[in-house]
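Good morning. I will talk about how the parts of one chain are packed together, and then about its aromatic rings. Please look at the structure while I go through it.

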Amino acid sequence: MTDKNNILYLFDRPTEPIFIGKGDENVSFDVPAEYLTDRYKPLASDIQNRFSGGKTISITKLDRIPDLSFPLSLPRDAAFSLFIPYHSKMASKLIEIFMDTKSFDELLSLAVYCRDRINPYMFIYALSVVVTHRPDTRNLELPSHVEMFPSLYMDATVFGRAREESTVVQTGSRTPIEIPHDYSANDLDFEHRISYFREDIGINLHHWHWHLVYPFEGPMSIVNKDRRGELFYYMHQQIIARYNMERLSNDMNRVVRLTNWRDPILEGYFPKLDNILANRVWPPRPVNARLSNINREVEQISFDIEDLERWRDRIFNAIHSGFIINTAGQQVRLTETDGINILGNLIEASVLSLNQNLYGSLHNNGHNAISFIHDPDNRFLENYGVMGDSATAMRDPIFYRWHAYIDDIFQEFKATIPSYNVQNLSFENVRVQSVEISATGIPRNEFSTFWQQSDVDLSRGLDFLPRGSVFARFTHLQHAPFNYKITVENNGNQRVGTVRIFIAPRFDERGLPFLFREQRKLFVELDKFSVTLKRGRNDITRRSIESSVTIPHDVTYRNLDRNRPSGNSEAAAAFNFCGCGWPQNMLIPKGSSEGFQCQLFVMISNGANDQVITKKRLNHIQLCVNPRVLIFTIFNRSKQVENAQADGQTCDNASSYCGIRNARYPDARSMGYPFDRTPRDGVVTLQQFLTPNMAVQDVRIRFTNRTVAPLQNRTGTQQVQTPKTTPAKASSCVALEKYDSSSFNILSQYYYLNIYHILTLPVLLYEKL
């Protein structure tokens with residue numbers, strides 16, 4: 001049987017030919033002569049002799065190569081962007097071709113054939129999507145994107161020094177190449193104050209990986225994930241809230257929405273990156289640049305600023321009308337539960353949009369208009385700017401202005417649906433008595449932040465150079481690990497609750513306390529997890545590294561050849577999906593030296609109403625029958641993310657932003673609950689919003705301007721963080737004295753069942769003896 005890990009060697013040094021040795025083990029592919037490109041076919045025998053490696057992977061020649069003419073139409077040295085429809089359709093076609101292969105061996109053979117023919121960036125993207133989603137490969141561990149394409153994430157000057165280090169110095173004696181803390185600008189540029197956030201490698205990796213897990217173009221089986229449109233809204237809304245906290249920490253105003261698309265854009269950005277594939281530097285955007293109509297024949301993209309304005313107006317009209325018009329001319333209601341999901345797909349303009357002809361591609365073409373601002377008609381033969389790539393877009397200050405505007409559209413919809421009343425927010429007989437933050441050597445209710453250095457291995461992306469690790473050392477924000485201590489009084493029976501933890505700034509730019517109407521948009525989710533509440537006092541302790549929002553440091557900067565889960569395992573599949581997530585080191589904003597004042601919010605909601613029932617959960621139903629009482633038992637897992645587990649081991653890292661692999665989103669509530677809607681009448685301040693199952697604690701974030709040494713050692717092995725723990729399963733039973741219609745009412749109240757599950761329950765129940 002073919003070792004499925006062999007396909008991972010195709011991610012190694014993406015622009016080197018397939019026949020050159022891959023990985024530190026110098027693995028070579030025994031490629032059929034017909035698979036070589038025209039340039040190398042005459043040299044087939046010489047190549048086989050010159051590039052034979054220690055381990056050889058035999059490739060079976062396919063009887064028929066599928067039609068690749070469309071993906072092949074993009075030159076190998078062209079810049080590839082998913083935001084360009086022509087490019088995304090090519091990638092979608094390539095994904096479809098790969099997904100249609102009948103076996104792993106066929107997939108491997110076809111991928112080998114394509115690797116030296118297809119644009120490398122498109123090839124890596126398409127194969128990454130396929131490996132993540134195919135049942136026979138999703139347990140393989142993808143390498144980090146920063147390893148494959150390091151030029152997308154760091155200063156271009158690093159690579160000249162890296163080539164020298166790799167060529168001259170032997171492995172083991174090489175020293176890390178330090179990336180300057182300030183390399184894209186200096187403090188004369190006001191926005192440069194928070195470049196440490198925008199240019200953070202982990203944050204940009206998160207954005208790229210999210211769009212890998214949630215592509216907006218491709219086979220429906222891959223794109224059509226549970227609540228995908230809502231997740232597009234919520235993940236980006238949280239980015240803007242987190243960014244605004246960072247700005248307020250640095251005495252800056254909140255980000256200003258990009259509302260007028262005909263005024264000059266005040267912010268410039270000069271990325272200092274090389275686009276190595278296209279052999280170009282990434283184009284800058286000068287101060288006061290203006291958006292123009294786009295007409296680029298090479299990329300087959302053409303639209304006017306009026307188109308953006310027309311799509312925007314139609315979307316706002318749909319929000320205030322309460323419905324959209326689908327392609328069949330029918331009205332589709334924007335309901336309280338599904339409206340945000342419909343709008344998310346519509347605004348992003350994924351293939352799930354119910355009418356792209358009418359509502360256009362506002363989000364994606366907004367990215368394109370900005371990314372081509374320097375050369376809208378291609379007269380200077382320039383490529384797109386950083387806003388044209390999900391791996392680089394978050395580096396640019398304009399990304400946040402654009403997404404603040406996109407979020408404002410979603411907020412417009414949220415204002416049209418009913419506010420949460422006290423009953424929607426309360427949890428009967430549950431009271432949060434106190435909340436506390438603690439960390440070793442740090443005052444109570446205080447977060448401590450500082451700088452830390454980390455290393456990333458560049459060798460996988462340094463093509464045509466000697467093998468062996470070459471490290472780049474970068475400086476990033478970090479915080480001291482901490483614990484939440486929550487005291488809860490439960491005056492009812494034992495039940496399951498969902499702990500929801502958020503943080504928001506206490507004061508606005510003027511130093512005045514926030515009104516709740518504005519503050520609610522700034523609450524950043526820190527964690528969400530399930531807990532079993534016994535009757536009486538409950539003391540809950542939760543570690544910051546267990547957050548449902550973040551992924552551990554060693555996952556963000558993982559090295560494919562080190563600390564790898566064994567083989568084609570479920571652990572590797574979870575690790576793969578867990579590559580999507582906010583970096584743990586950026587969980588807490590920078591704060592300030594005097595202590596940035598924030599409010600920590602903790603809520604325990606009714607777990608019965610938060611529960612998501614899946615097909616697998618129905619298989620966990622156990623029936624305990626005795627002569628007098630029928631007991632219906634459903635097992636509840638303590639971890640919130642495991643409530644929606646679909647098959648095997650799933651990823652419980654970053655489920656709040658990234659959902660769960662092959663499962664429904666693990667929370668039946670609206671994303672962002674309870675802050676996703678305008679407040680009920682009479683609520684002006686956060687204190688007035690609170691119900692007994694909520695509590696607020698004033699906290700400070702104190703920044704110390706010191707730098708801590710790297711977590712990595714000289715061989716590149718990350719120090720392993722304490723893993724997230726999975727508490728023991730808890731169970732809950734509902735006793736039914738009679739098997740009648742009232743039973744289903746009880747069950748629906750306890751488990752938030754939808755009609756499908758209610759109708760299937762009689763099949764699972766025994767008749768009373």
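The buried residues of helix α2 are covered by, among others, α3 (104–115), α4 and α9 (220–223). Keep in mind that this is a predicted model.

Which residues of α2 are buried? They are Y86, H87, S88, M90, A91, S92, L94, I95, I97 and F98. The helix itself has 15 residues, and from its first C-alpha to its last it reaches 21 Å. That is close to the 21 Å expected at 1.5 Å a residue.

Now the whole chain, briefly. The chain has 769 residues, and 62% of them count as buried. It contains 25 helices and 23 strands. Take the contacts with a separation of 6 or more: 78% of these are accounted for by residues 24 or more positions apart. The accessible surface comes to about 30,000 Å², and carbon and sulfur atoms hold 48% of that.

Next, the aromatic rings. Rings count as a pair here if their centres lie within 6.5 Å. By this rule there are 38 aromatic pairs. One of them joins F98 and F123, edge-to-face, at 6.3 Å centre to centre and with 85° between the planes. F98 lies in helix α2 (residues 85–99) and F123 in helix α4 (residues 120–133), so this pair ties together parts that are 25 residues apart in sequence. F98 and F123 are both buried.

A second pair is F502 and F601, also edge-to-face, with 6.3 Å centre to centre and 65° between the planes. What does this pair link? It links distant parts of the chain: F502 is in strand β14 (residues 495–505) and F601 is in strand β19 (residues 596–606), 99 residues apart. Are these two rings' residues buried or exposed? F502 has a relative accessible area of 2%, so it is buried. For F601 the value is 0%, so F601 is buried too.

Some rings are joined into a group. Ring pairs link F197, W210, Y214, F232, Y233, Y234, Y243, F399, Y400, F410, W582 and Y657 into a cluster.

Last, two arginines that sit over rings. R117 lies over the face of Y113, at 3.9 Å from the ring centre. R312 does so over the face of W261, at 5.1 Å from the ring centre.

That is the end of my part. Thank you.

Technical notes:
Residues numbered from 1 in each chain as written. Predicted model: local features only at pLDDT ≥ 70, side-chain atom pairs only at ≥ 80, totals over all residues. Heavy atoms only, no water. Phe/Tyr/Trp six-rings, centres within 6.5 Å; stacked < 30°, edge-to-face > 60°. Helix = DSSP H or I, 4+ residues; strand = E, 2+ residues; numbered from the N terminus. Buried < 20%, exposed > 50% of the residue type's maximum accessible area, 1.4 Å probe, protein only. Lys NZ or Arg CZ within 6 Å of the ring centre and 35° of its normal. Expected span 1.5 Å × (residues − 1). Contact = heavy atoms within 4.5 Å. Areas by Shrake-Rupley, 256 points an atom, 1.4 Å probe, with all protein chains shown as cover.
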